[in-house]
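Here are my notes on the structure, as numbered points. Please read them with the coordinates open.

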Amino acid sequence: MLPVTAEDHLNGPVAVLANSTAGRGRYSALLPRLLDGLAAAGRPIRLLTATGPAEAEAACRAAVADGAGALVAIGGDGTVHRVLQAVAGTDVPFGPIPAGTGNDFALDTGFPADPLAAAEVIASALRDGRSRAVDLARMVGFDGTVRWYGAVLAAGFDAIVNERANRMRWPRGPRRYDLAILAELARLRPRRYTLRLDGVPHELDAVLVAVGNCPTYGGGMRICPDADPTDGLLDVVVAGRVNRRTLIRVKPRIYQGTHVSHPLVRSFRARTVELSAEGITTYADGERSLGLPVTISAVRGALRLLR
């Protein structure tokens, strides 16, 4: 097999990863119209097939290796996360069509919330050969595993809640997450974290730690309100020794980003963040990711967006 060249990518088909279960399936009927909208760019469309997250990621990597000219994700942040593993650090441009329960990366990087409008934006960029560079966060685990994320890494209370919800077999749907929150609130305690921010160490007790390339996570919560995916920096937001009552009172303020003014909340900014704590598995773009310790770096221009 001949190696894939930059010219192959330039002229290659547009590979599309569509998650039919994203957004609890409410956008699945739109798929034919979305594909037609993308095809208006005059490029061949190749719909990728996968039965689960691992297969989806492998299909995206194979598409890049086979010379795809662009990748498009139809789904939420989880679908975007799978595609990022394949396109990060390459010259293959990417377009997210928001069709999930959480579409934080797509909205934070300027794509319309309406899926059909987002498809039009992507088709226009494909037609004109237009893309713009944004940063991604690159994670390296203690064993050398490398993962990328676009929005926010959760490494505190929210990650712990996600772990519990994923272990629960009942109930199904969002009610399971609500019950997981109640269970973990009852067990809430600060944990000892070690942060190294561009080499400068910080020892602190905290209940919530978030590392943002973009401002929002969880479907619009502005956990890192000043994060900018074009500044080459990561924003770190830490809620310290917060009790249950304070956390319940402060958490709604995250939607406006005003929680950072609370005296127990601290914000930092760095190019490289080394983060460690006992017993924490991180969640990146809402997806289960690496256990601590991890090293996270902002990589300038690691992704080319079709905008």
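1. Start with the register of β8 and β9: Arg196 stands opposite Pro201 in β9. The model is a predicted one. β8 covers residues 191-197, and β9 covers residues 200-206. The two strands run antiparallel and are joined by seven bridges. They form a hairpin with two residues between them. In that turn, Asp198 has a positive phi of about 50 degrees.

2. β8 has a second partner. It pairs with β13 (residues 272-276) in the antiparallel sense, over four bridges. Here Thr194 stands opposite Ser276 in β13.

3. Which side chains of β8 point to the buried face? They are Arg191, Tyr193, Leu195 and Leu197. Arg192, Thr194 and Arg196 point to the other face and are not buried. The side chains thus alternate along the strand. Note that Arg191 is on the buried face, while Arg196, the residue opposite Pro201, is not buried.

4. Another hairpin is worth a look. β14 (residues 281-284) and β15 (residues 287-291) pair in the antiparallel sense over three bridges. Tyr283 stands opposite Arg288 in β15. Two residues lie between the strands of this hairpin. Asp285 takes a positive phi there, near 55 degrees.

5. Why is helix α4 described as largely enclosed by the rest of the structure? Ten of its eleven residues (77-87) are buried, so the surrounding structure largely encloses the helix. The buried set includes charged residues as classed here, among them Asp77 and Arg82. Val80, Val83, Leu84 and Val87 are also buried, as are Thr79, His81, Gln85 and Ala86. Just after α4, Gly89 takes a positive phi of about 75 degrees.

6. Helix α7 (residues 157-167) makes a similar case. Eight of its eleven residues are buried, so α7 too is largely enclosed by the rest of the structure. Phe157, Asp158, Ala159, Ile160, Val161, Asn162 and Glu163 are buried. Ala165 is buried as well.

7. Now a single position in α3, which spans residues 53-65: Ala63 lies in this helix. Is Ala63 buried or exposed? Its relative accessible area is 0%, so it is buried, the cut-off being under 20%. Gly95 is 32 residues from Ala63 along the chain, and the C-alpha atoms of the two are separated by 15 Å.

8. How many cavities of 30 Å³ or more are there? The count comes to one. Its volume is about 120 Å³. The lining has 14 residues, and those closest to the centre are Ala239, Leu247, Val250, Ile254 and Val265. β11 (234-239) and α9 (244-250) are the elements that give two or more residues to the lining. By class, the lining has ten nonpolar, three polar and one charged residues.

9. Last, the aromatic rings. The structure holds zero aromatic pairs. The ring of Phe111 does have a charge over it: the charged end of Arg307 sits there, 5.8 Å from the ring centre.

Conventions. Residues are numbered from 1 along each chain as its sequence is written. This is a predicted model: local features need pLDDT of at least 70, side-chain atom pairs count only at pLDDT 80 or more; totals for chains, interfaces and linings use all residues. Side-chain values use heavy atoms; hydrogens and water are left out. Buried means under 20% relative accessible area, exposed over 50%, partly exposed in between (1.4 Å probe, protein chains only). On a 1 Å grid over the protein atoms alone, a cavity is a set of points where a 1.4 Å probe fits but cannot get out, and a pocket is an open set with protein on both sides within 12 Å along at least five of seven lines; lining residues have an atom within 4 Å of a point. Grid points are joined across faces, edges and corners, and a volume is the space filled by probe spheres set on the points. Rings of Phe, Tyr and Trp (its six-membered ring) pair if their centres lie within 6.5 Å; planes under 30 degrees apart count as stacked, over 60 as edge-to-face and the rest as tilted. A charge sits over a ring if NZ of Lys or CZ of Arg is within 6 Å of the ring centre and within 35 degrees of the ring normal. Two strands pair if DSSP finds at least two bridges between them.
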